[in-house]
Amino acid sequence: MNLASLIAELHRLRDSALEAIGAAPDAASLDELRVDYLGKKGRLTAILRGIGDLPPADKPAVGAVANEVRDEVERALAERGRLLRAAALAARLEAEAVDVTTPGRTIGRGSLHPIVETSRRIAEIFGQFGFVVYEGPEIEDDVTNFQMLNIPPDHPARDLWDTLYVDVEGHLLRTHTSPGQIRVMREAAPPIRALLPGRCYRYEAIDASHASEFFQVEGLMIDEGTTMADLRGLLDQFAHAMFGAHRPTRFRPGYYPFTEPSVAFDVRCVVCNGRGCPACSRTGWMTILGAGMVHPVVLRYGGLDPERFQGFAFGMGVERIANLRHAVGDLRLYMDNDLRFLEQFR
Ligand SMILES: [Zn+2]
C-alpha cells in the first residue's frame, strides 16, 4: 500500500466515523463507536499496521494524518456526548417538571366537637372564678357513685338512674359526674373549687332527648362559710357569660339526694326571650342545671366536718348547654359523627 492510498483510507475512516458519531442515539452507542474506531483492535489501528510497508521517509506524514484523524474523531465523540447529555437532561426536566406556582392541595382541617368546645367554654368561665378541672374515672364503684352521695342501696332515689353495671362486682359505668365530688374532697383540702367534666352512662331508650352516653360538668365549692348566696351569684355570672349579660335567671326548688336544699337553675328562654314557645314548654324559662348545698352526709363521706365546712355543688348536661348555644334539637346528632353536622361548628 502506498502513501496516498493509506492517507485516503484514513480520510474515509474519519468520514465514516464522523457520520456514525453524528447519528449515535445515546451514550452507549458512542462508547461502542469509540472502541470500534479508536480501540486497540479498532479500525484506526488496523490501517496503521500498513505503515510498516511504507518507505521510512513517508511514515511521519502518515503518522501526522493519523493523529489528526484520531483528534478529530475524539473531538466529535466528546461533542456528541455533550449534546446527548444535554438532550437527556432536557427531556428529564420536562418529564419531571413541577409547577411550583400551582397552589398546594388544601389539607382538611378538623375542628372541636361541639360537646368538647362547650365543655371547654364552661371550664373557661368557671376557671375565671378559680375553679380547677379534675377528672374522675368512668368506671366507678357503686359505693362512690351512690352510697357516699347519700343514696344507700335500698333508697328509692336509685330509680332516678337506670344504671349500666360492668362485669366486676360492685362496679358500674358512672351515672353522673357527682362521685367526683367525693374523690376531690378526699384528695384536696378546703378551700375546694373543682370542676369535673366527663362522660356518663345510663340505660336509656334512645330518642331525640335521651342518650345512653352523655356529658356532664360537675362543680364543687367547699370552704368555711360558703352559702347559697355564693352559689346564686356564681351561677348568675355563669349564665350571663354563656347566654348574655342581661339574661334573667331564677332558682326553683329541686331535689337531689346529695344536696340540701336543692334547686333547679333556670334562665329566661333563649328562643322566645320569655314570651313562651315550644322550646320552653310555654313557660318562658329553661332549666340549665341542678344545684344545691352539699349534704352533710356527703361532706362526712368526703372526710370533712360539716360543722366547719359548707359548700355547694352543681351539675349540668353539656349537650343541654350546647343545644341552647347552637339550636340543636336532637341529642343523637352529637354521637353520630356525621361530618355534615360537625362541619357546621367550624
Ligand atoms: Zn321559649
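Which residue in β9 stands opposite Gly-290? Select Gly-290 and look across to β9: the residue there is Gly-315. This pair is a convenient starting point for a tour of the model, which is a predicted one.

**The whole chain**

Display the full protein chain as a cartoon. Its secondary structure comes to 12 helices and nine strands. The radius of gyration is 45 Å, whereas the globule rule gives 20 Å for 346 residues, so the chain is more spread out than a compact globule. Along the principal axes, the C-alpha atoms fill a box of roughly 135 × 50 × 40 Å. Colouring by burial will mark 31% of the 346 residues as buried. Of the contacts between residues at least 6 apart in sequence, 68% join residues at least 24 apart.

**The sheet, from edge to edge**

Next, select the seven strands of the open sheet and follow them in the order β1-β4-β5-β9-β8-β7-β6; their pairing is mixed. The edges are β1 (residues 132-133) and β6, and each has a single partner strand, so one side of each is left without a neighbour in the sheet.

Begin at the β1 edge. Here β1 runs parallel to β4, and two bridges join them. Select Val-132 to find Ala-194 of β4 opposite.

Move now to β8 (residues 285-294). This strand is mostly covered, with eight of its 10 residues buried. Towards β9 (residues 310-317), β8 is joined by four bridges in an antiparallel arrangement; the opening pair, Gly-290 and Gly-315, belongs to this pairing of β8 with β9. Towards β7, β8 makes eight bridges, again in the antiparallel sense. Select Ser-262 and its bridge partner in β8, Gly-292, to inspect that side.

Continue to the other edge. Strands β6 (residues 249-256) and β7 (residues 259-268) are antiparallel and share seven bridges. Together they form a hairpin, with two residues between the strands. Tyr-256 and Thr-259 of β7 stand opposite each other.

**The helices α5 and α10**

Select α5, residues 114-127. Does the distance between its ends agree or disagree with its 14 residues? At 1.5 Å a residue, the expected span is 20 Å, and the end C-alpha atoms lie 19 Å apart, which agrees. Show the side chains of Pro-114, Thr-118, Ser-119, Ile-122 and Phe-126, the buried residues of α5. They cover an arc of only 135 degrees around the axis, which puts them on the same side of the helix. Their cover includes β4 (192-201), β5, α8, α10 and α11.

Then select α10, residues 318-326, where Val-318, Glu-319, Ile-321, Ala-322 and Asn-323 are buried. These buried residues pack against α5, β5 (213-223), α8 (228-243), β8, β9 and α11 (333-336). Step past the end of the helix to Ala-327, which follows α10 and has a positive phi, near 55 degrees.

**The nonpolar cores**

Which residues touch the most other members of the largest nonpolar core? Among its 58 residues, they are Ala-194, Ile-222, Leu-235, Ala-291 and Phe-312. Centre the view on Ala-291. Neighbours within four places in sequence aside, Ala-291 is in contact with Leu-231, Leu-235, Thr-259, Val-263, Phe-265, Phe-312, Ala-313 and Phe-314. Apart from this core lies another, of 12 residues, including Leu-6, Leu-10, Ala-24 and Ala-66.

**Two exposed loop residues**

Select Tyr-165, in the loop between α6 (142-145) and β3 (171-173). Is Tyr-165 buried or exposed? With 12 other C-beta atoms within 10 Å, Tyr-165 is exposed. Draw a distance from its C-alpha atom to that of Leu-234, 69 residues away along the chain, and the separation is 35 Å.

Finish at Pro-278, in the loop between β7 and β8. Pro-278 counts as exposed because its C-beta neighbours inside 10 Å number 8. From the C-alpha atom of Pro-278 to that of Ser-29, 249 residues apart along the chain, the distance is 88 Å.

Definitions and conventions. Residues are numbered from 1 along each chain as its sequence is written. This is a predicted model: local features need pLDDT of at least 70, side-chain atom pairs count only at pLDDT 80 or more; totals for chains, interfaces and linings use all residues. Two strands pair if DSSP finds at least two bridges between them. A residue is buried if 20 or more other C-beta atoms lie within 10 Å of its own, exposed if 12 or fewer, and partly exposed in between; C-beta atoms are placed from the backbone. Two residues are in contact if their C-beta atoms, placed from the backbone, lie within 7 Å. The expected span of a helix is 1.5 Å times one less than its number of residues. The arc is that of the directions from the helix axis to the C-beta atoms. A nonpolar core is a set of buried Ala, Val, Leu, Ile, Met, Phe, Trp, Tyr and Cys residues joined through C-beta atoms within 7 Å. The radius of gyration is taken over C-alpha atoms; the globule rule is 2.2 Å times the number of residues to the power 0.38.
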